[in-house]
Amino acid sequence: MTLTEIFDRFAPDCSSVPQSVFGDAAVLDAELTRIFTKTWLFVAHESEVAEAGDYVTRRMGRDQVIVARGEDGQVRVMRNACTHRGTLLCKATLGNTSHFMCPYHAWTFDNSGRLRGVPEARPSYGGFDKPSRDLRRARTEVYQGLVFATWAEDGPSLAESLGDIAWYLDALLGTATGGWEVAGPPQRYTIKANWKLSCENFGGDGYHLPYTHRVPIESGLFGEDEEGGEVGKPTGRVVWTPQGHTARVGYLPPEYAEPPYPGYPENLRDDLAANAGPETLSVLANSDVVHGNVFPNLSFIQTAITYTGDEAEPVSFTVLRLAQPVTPDTTELYNFALVPRGADEEWKQKSVVACVRTHGAAAVLFEGDDVDNFTCVSVTADGALAHDTDLDYSLGTNLPRPEPDDWAGPGESVPHDHSEYTHRAFYGTWLRYMKDTKEGA
């Protein structure tokens with residue numbers, strides 16, 4: 001089946017999606033060219049490269065990159081390939097250096113990507129234009145501590161690309177005095193599943209919660225009514241933008257009347273609330289989780305709903321998840337645990353423990369449930385019949401939108417937690433990029 005035939009199988013509103021998009025190698029090859037070289041991609045958190053000379057190595061699609069803070073304090077993202085013969089320039093995952101020297105022929109670049117040294121340059125090369133052989137740099141911008149890069153030399157700025165999802169990032173990452181920092185290097189692990197499955201799920205799938213995660217829910221890991229009485233049901237709100245970004249805000253039953261930013265010590269909670277605007281406080285009031293996906297592959301979650309065994313009260317944690325495609329049925333996940341810089345070390349450790357017990361390679365709650373589903377979708381997507389099978393993404397298309405709607409947050413939004421609006425928005429944007437075959441795409 002050709003790419004055009006695959007694209008033609010999509011319903012106009014993406015309420016049905018061909019299963020071959022999860023298992024076809026040609027689809028992945030096109031994604032890596034038409035999406036991962038054209039969009040703004042998250043590559044690191046600014047705190048990972050806090051000092052001059054700090055660097056980490058990452059990938060943008062299949063392209064290896066170095067994220068480094070230069071001696072001038074600027075963060076740059078550069079292709080991790082020597083411009084002489086293409087050897088991987090830096091093999092370490094992180095460190096601090098003023099220069100990168102190629103192990104092949106010792107061409108040497110400074111941490112801003114400029115070529116500084118070439119052995120035998122005068123006798124062997126004669127005239128030599130060093131600037132033309134600097135490392136290739138991606139356009140790089142930072143938002144709320146998140147470092148994004150793109151190979152697209154022109155096109156929308158990061159702010160234009162983020163659009164309304166920036167408001168939700170502000171709500172989570174823009175209200176802590178002193179900002180946020182990573183709690184160590186990201187946890188990296190591989191799953192046997194297509195990269196899009198994790199992203200669509202994080203983008204807003206309230207429908208799966210009572211079924212996929214039935215055991216932790218019934219075990220009281222979301223909390224219990226202390227008096228044993230009946231309480232209302234939790235609810236949720238889904239949000240999407242024209243850029244394909246998605247989010248979900250989950251709410252406790254109304255009886256809880258929980259203030260915004262649950263799971264933080266009182267001093268941190270007061271700080272977060274004091275720096276938030278009235279619309280943010282309105283959206284987050286009585287919420288227990290906010291999660292979403294920045295198209296294409298940066299997911300996020302902030303929650304305090306899970307009791308993980310040894311703490312008296314829920315502990316909030318914030319995770320960034322990067323889903324890096326490897327093959328159609330293999331994805332490398334990066335989990336970044338973020339903590340407010342102003343929190344004390346004991347609380348930071350509690351937050352990290354809550355994070356790794358629920359979201360990570362060794363998580364005993366939630367993560368295993370989700371990854372098993374993602375894996376099973378990819379297993380059937382590898383079958384011969386997947387090429388003429390369309391999957392149903394129509395949930396919620398018959399549900400009315402409230403008029404008027406007093407929701408304070410931006411973006412398209414409905415109070416229909418069990419719906420697939422966010423999925424359709426994700427695949428609508430995906431399809432738009434994949435159909436773009438102009439030069440370079």
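User: How many salt bridges are there between domain 1 and domain 2, and why is the meeting of arginine 59 and glutamate 332 called a salt bridge?

Analyst: In this predicted model, where local features need pLDDT of at least 70, side-chain atom pairs count only at pLDDT 80 or more, and totals for chains, interfaces and linings use all residues, the count between the two domains is 1 salt bridge. The term requires a side-chain nitrogen of Lys or Arg within 4 Å of a carboxyl oxygen of Asp or Glu. The side chains of arginine 59 and glutamate 332 meet at 3.4 Å, N to O, and therefore satisfy that limit. Residues are numbered from 1 along each chain as its sequence is written, and side-chain values use heavy atoms, with hydrogens and water left out.

User: What places arginine 59 and glutamate 332 in domain 1 and domain 2?

Analyst: Domain bounds come from an automatic or database domain assignment, and for the protein chain this gives domain 1 as 41-151 and domain 2 as 164-435. Residue 59 therefore falls in domain 1 and residue 332 in domain 2.

User: How do you know which residues of domain 1 are in contact with domain 2, and what is the area buried between them?

Analyst: Contact means heavy atoms within 4.5 Å, and on that basis 15 residues of domain 1 are in contact with 25 residues of domain 2. The size of an interface is often given as the accessible area lost when the parts come together. Buried area here is that loss, with a 1.4 Å probe and summed over both parts, and between the two domains the value is about 1,600 Å², with carbon and sulfur atoms giving 62%. On the domain 1 side, Phe42, Arg59 and Gln144 supply 35% of the area buried against domain 2, more than any other three residues.

User: What makes a residue pair between domain 1 and domain 2 count as a polar contact, and how many are there?

Analyst: A polar contact is a pair of N or O atoms within 3.5 Å; within protein, one atom must be able to donate a hydrogen and the other to accept it, and residues adjacent in sequence count only if both atoms are side-chain atoms. By that test, 6 residue pairs, both members at pLDDT 80 or more, are in polar contact between domain 1 and domain 2. On the side of domain 1 that touches domain 2, β2 (41-45), β3 (54-60) and β11 (146-150) each supply at least two residues, and β2 gives the largest share, 3 residues. Strands are DSSP runs (E, at least two residues), numbered from the N terminus.

User: Why are β10 and β11 called paired strands?

Analyst: Two strands pair if DSSP finds at least two bridges between them. Strands β10 and β11 are joined by 5 bridges and run antiparallel, so they meet that criterion. Glutamate 141 stands opposite phenylalanine 148 in β11, and the two strands form a hairpin with 2 residues between them, where glutamine 144 in the turn has a positive phi of about 50°. Strand β5 (residues 75-79) is joined to β10 (residues 137-143) by 2 bridges, also antiparallel.

User: What makes glutamate 48 and arginine 58 a salt bridge, and where do the two residues lie?

Analyst: Their side chains meet at 2.6 Å, N to O, which fulfils the salt-bridge criterion. Glutamate 48 is in the loop between β2 and β3, whereas arginine 58 is in strand β3, 10 residues apart.

Technical notes
Helices (H or I, at least four residues) and strands (E, at least two) are DSSP runs, numbered from the N terminus.
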